[in-house]
Structure formats: C-alpha cells, structure tokens
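Q: Could you take a close look at one part for me, the contact between chain A and chain B? I'd like to follow it residue by residue, in one connected account.

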2 protein chains.
Amino acid sequence: MNPITLLGLAAAFCTTVSFLPQAIKTIRTRDTSGISLSMYGLFTFGTLLWLLFGLFTSNIPVTAANGVTLIFALIILVYKIKYH
Amino acid sequence: MNPITLLGLAAAFCTTVSFLPQAIKTIRTRDTSGISLSMYGLFTFGTLLWLLFGLFTSNIPVTAANGVTLIFALIILVYKIKYH
C-alpha cells in the first residue's frame, strides 16, 4: 500500500474514532453544558451527507467512516438535546 | 456542477463550519468540563493528517476544509487543556 493511501486511512481512522471518547464521556457524565448544540446539529447533518456521498459514489472507506461517525455524533446530539 | 459533487461540497461545508459554533462557545464560556480531551487530541491529529493528505494529493477542497477545521479544533483543544 502506498504511503499516501496509508496517510488517508490513518486520517480517516483518527477523525472517526475520535468521537468515541466524547460519546462515552457524554453518556457517563451527562455534562453537555459546554457542548455546542449547533455544532452537533450541523456536524451530524454533514456526516449524513458524507454517508450519502459515499453510497452514491460506491466509496467504501467514506461510507464506513461516516456511518460510524454518524452513530457517535447522533448519541452526543441526543444527549445534548435531552440534558442540555 | 453534477448533484453528487454538490453533495460532497455541502457535506464538507457542514462538517467544517460546524466546529465554529463550538469554538465560539468554548471561547465565550470556557466551559470545557463536558468536552473530551482525548476526542479533540485525536481529532486535531486526524485533521492534520487530512491536511497533509490533501497537500500531497494536490486536492484543494480536502486541503482547504481541513485547514479551516484544524484552526477551530486547535482553539477548542487549547482551551480544554488550559481550562480543563
């Protein structure tokens, strides 16, 4: 695998998995006062668009990464709305 | 411009700009207790990798989007470290 493809995969992995610790912290603490509702609203919508983009272009990495990120972002968004 | 390219641009715009309201809220309130340090550490690193990926592949949208996101993510990360 060429180094640049590896760089892209590492970037996708980091930006996708990074939302997991935030989802865990939000579930555990329900401390959402410092979290921006407009960020997670817009980010979740954008991630949904990326998922559709991945599906329409049959791009498996984009589809998989954004499918996972969408789950984490939705969890954080729902907790923010519920425990604002 | 074909609809799928438009979808990709809209997705990139939303996921990039979404970090602006979080950066503003964090600067204004310094309320970072609910924000995950490991998320922003990993996300900032991943965004840096995407920026390098965009530069190496001469992909202007990827470079521009991640350059902007990196600035917002760094602001949030620095505030989280400073006011944890």
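A: Happy to. A helix here is a DSSP run of H or I at least four residues long, and helices are numbered from the N terminus. In that numbering, Asn66(B) sits in helix H4 of chain B, a handy example before we turn to the contact itself. Please keep in mind throughout that this is a predicted model.

Let's begin with the overall arrangement. Chain A can be superposed on chain B by a rotation of 180° with 0.0 Å of shift along the axis, at an RMSD of 0.0 Å. This is how a two-fold axis relates two copies. Within chain A, the C-alpha of Gly34(A) is the nearest to that axis, at 2.8 Å.

Now for the contact. Chain A contributes 34 residues to it, and chain B contributes 34 residues. Of the interface residues of chain A, 100% are interface residues in chain B too, so the two copies meet through the same surface. About 3,000 Å² is buried between chain A and chain B, with carbon and sulfur atoms giving 77% of that area. Between chain A and chain B the number of salt bridges is zero.

Ile35(B) is a good residue to zoom in on. This residue belongs to the loop between H2 and H3 of chain B. With a relative accessible area of 1%, Ile35(B) is buried, because buried means under 20%. Setting aside neighbours within four places in sequence, Ile35(B) contacts Gln22(A), Lys25(A), Gly34(A) and Ile35(A) from chain A, along with Gln22(B), Thr26(B), Tyr40(B), Ile76(B) and Lys80(B) from chain B. Gly34(A), one of these partners, is the residue we met beside the axis. Ile76(B), another partner, lies 41 residues from Ile35(B) along the chain, with 9.0 Å between their C-alpha atoms.

Ile76(B) also leads us into the largest nonpolar core, which has 20 residues. Phe19(A), Tyr40(A), Ile76(A), Phe19(B), Tyr40(B) and Ile76(B) are the residues with the most contacts inside this core. Helices H2 (19-29), H3 (37-56) and H4 (60-83) of chain A, and helices H2 (19-29), H3 (37-56) and H4 (60-83) of chain B, each supply at least two residues of this core. Apart from it there is another core, of six residues, among them Leu49(A), Leu7(B), Ala11(B) and Cys14(B). Back in the largest core, Ile76(A) touches Phe19(A), Gln22(A), Ala23(A), Thr26(A), Ile35(A) and Tyr40(A), leaving out residues up to four places away in sequence.

The record adds some context for the helices. An unreviewed UniProt entry places "transmembrane region" at residues 35-56 and 63-81 of chain A. In the model, residues 35-56 of chain A are 91% helix and 0% strand, with the end C-alpha atoms 32 Å apart. Residues 63-81 of chain A are 100% helix and 0% strand, and their end C-alpha atoms are 26 Å apart.

Finally, back to Asn66(B) in helix H4 of chain B. This residue counts as buried at 13% relative accessibility. Asn66(B) touches Thr47(B), Trp50(B) and Leu51(B), again not counting residues up to four places away in sequence.

Conventions: Residues are numbered from 1 along each chain as its sequence is written. Chains are lettered from A and ligands numbered from 1 in the order in which they are written. This is a predicted model: local features need pLDDT of at least 70, side-chain atom pairs count only at pLDDT 80 or more; totals for chains, interfaces and linings use all residues. Side-chain values use heavy atoms; hydrogens and water are left out. UniProt positions are given in the numbering used here, feature names are shortened, and annotations may be inferred rather than shown by experiment. A nonpolar core is a set of buried Ala, Val, Leu, Ile, Met, Phe, Trp, Tyr and Cys residues joined through side-chain atoms within 4.5 Å. Buried means under 20% relative accessible area, exposed over 50%, partly exposed in between (1.4 Å probe, protein chains only). Contact means heavy atoms within 4.5 Å. Copies are superposed by least squares on the C-alpha atoms of residues with pLDDT of at least 70 in both. Buried area is the accessible area (1.4 Å probe) that two parts lose on being put together, summed over both. A salt bridge is a side-chain nitrogen of Lys or Arg within 4 Å of a carboxyl oxygen of Asp or Glu.
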